[in-house]
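Here is a quick tour of a protein chain. Have a look at the structure first, then read on.

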Amino acid sequence: MKYLFTILILLITSNIIMAQDSIDVNRNKILKLRSGSNLAIKNQQIENILEYLTEDINIVASNGEIFSGKIAFKNALTNVFNRNPDLYFVRNPEEVLINTKDNIAWKKGTWTALGPETDSWKNYGGNYSAYWVKIDGTWKIKSELFVRLYCNKQNNACQHHIKCYCKRA
């Protein structure tokens, strides 16, 4: 009986360790995908950006606009990048929570919009959250929410590019 109890404890412990390994592996995959997505955004490679998204993606932009589906988001990105050829966004993950049973994840962090040093609107950002799903073994972004919390604005320059509702300090 003593040996049976020991074996049972070892099995339970190994299952817990394996579950944590699975969570860590999936978290690292999502973080690596986010890094690739950030690079595609920096290089304004729209087709590469879309590879990280589900077909039915929903995005709430920092100005409150909602984009449903890859085509709507592709059109929005094309317009933004055409108007602002040096603009890019960086998302910095702070936390990733994984549900391995349902193959979903939640990620939160901060984001910043950047442009050339000469642009006064180049530095604004805030917090974001992302809902990830695992489809056929690959993690994809199903939805994202961006909330602008700061805008370094000089002479209202920010308003000429993207709606910016920041108060002067």
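## How far to trust the model

This is a predicted model, and confidence varies along the chain: strand β1 (residues 53-60) comes out highest, at a mean pLDDT of 98, while helix α1 (residues 2-42) is lowest, at 75. Over residues 155-169 the pLDDT drops below 50, though this stretch still has 27 contacts in the model beyond near neighbours in sequence.

Taking the whole protein, the mean pLDDT is 82. Of its residues, 73% reach 70 or more.

## Overall layout

You're looking at three helices and six strands. Walking along from the N terminus, the order is α-α-β-β-α-β-β-β-β.

How much of the chain is buried? Buried residues account for 36% of the 169 in the protein. Contacts also reach across the sequence: among those between residues at least 6 apart, 52% join residues at least 24 apart. As for the outside, the accessible surface is about 10,300 Å², and carbon and sulfur atoms make up 57% of that.

## The nonpolar core

In soluble globular proteins, nonpolar side chains tend to be buried together. Here the largest nonpolar core has 33 residues, and the ones touching the most other members are Ile30, Ile49, Phe73, Phe81, Phe89, Trp111 and Trp132. Two or more residues come from each of α1, α2 (46-50), β1, α3 (70-83), β3 (88-99), β4 (104-114), β5 (124-135) and β6. The biggest giver is α3, with five residues.

Ile30 is a good place to zoom in. Skipping neighbours within four places in sequence, Ile30 is in contact with Val96, Ile98, Ala105, Lys107, Trp132 and Trp139.

## A buried serine

Now for Ser37, which sits in helix α1. Is Ser37 buried or exposed? Its relative accessible area is just 2%, so Ser37 counts as buried. Once neighbours within four places in sequence are set aside, Ser37 is in contact with Tyr52 and Arg91.

## A nonpolar patch on the surface

Some nonpolar side chains are out on the surface instead: Leu145, Val147, Leu149 and Tyr150 make a nonpolar patch of about 330 Å². Which strand holds Leu149? Leu149 is part of β6 (residues 138-151), a strand that also gives two or more residues to the core. Leu149 has a relative accessible area of 55%, and the cut-off for exposed is over 50%, so Leu149 counts as exposed.

Definitions and conventions: Residues are numbered from 1 along each chain as its sequence is written. This is a predicted model: local features need pLDDT of at least 70, side-chain atom pairs count only at pLDDT 80 or more; totals for chains, interfaces and linings use all residues. Side-chain values use heavy atoms; hydrogens and water are left out. pLDDT is the predictor's confidence in each residue, from 0 to 100. Helices (H or I, at least four residues) and strands (E, at least two) are DSSP runs, numbered from the N terminus. Contact means heavy atoms within 4.5 Å. Patches are made of residues with over 30% relative accessible area and no salt bridge: like charges are joined within 9 Å, nonpolar side chains (Val, Leu, Ile, Met, Phe, Trp, Tyr) within 5 Å. Accessible areas come from the Shrake-Rupley method with a 1.4 Å probe; for residues, only the protein chains shown count as cover. A salt bridge is a side-chain nitrogen of Lys or Arg within 4 Å of a carboxyl oxygen of Asp or Glu. Buried means under 20% relative accessible area, exposed over 50%, partly exposed in between (1.4 Å probe, protein chains only). A nonpolar core is a set of buried Ala, Val, Leu, Ile, Met, Phe, Trp, Tyr and Cys residues joined through side-chain atoms within 4.5 Å.
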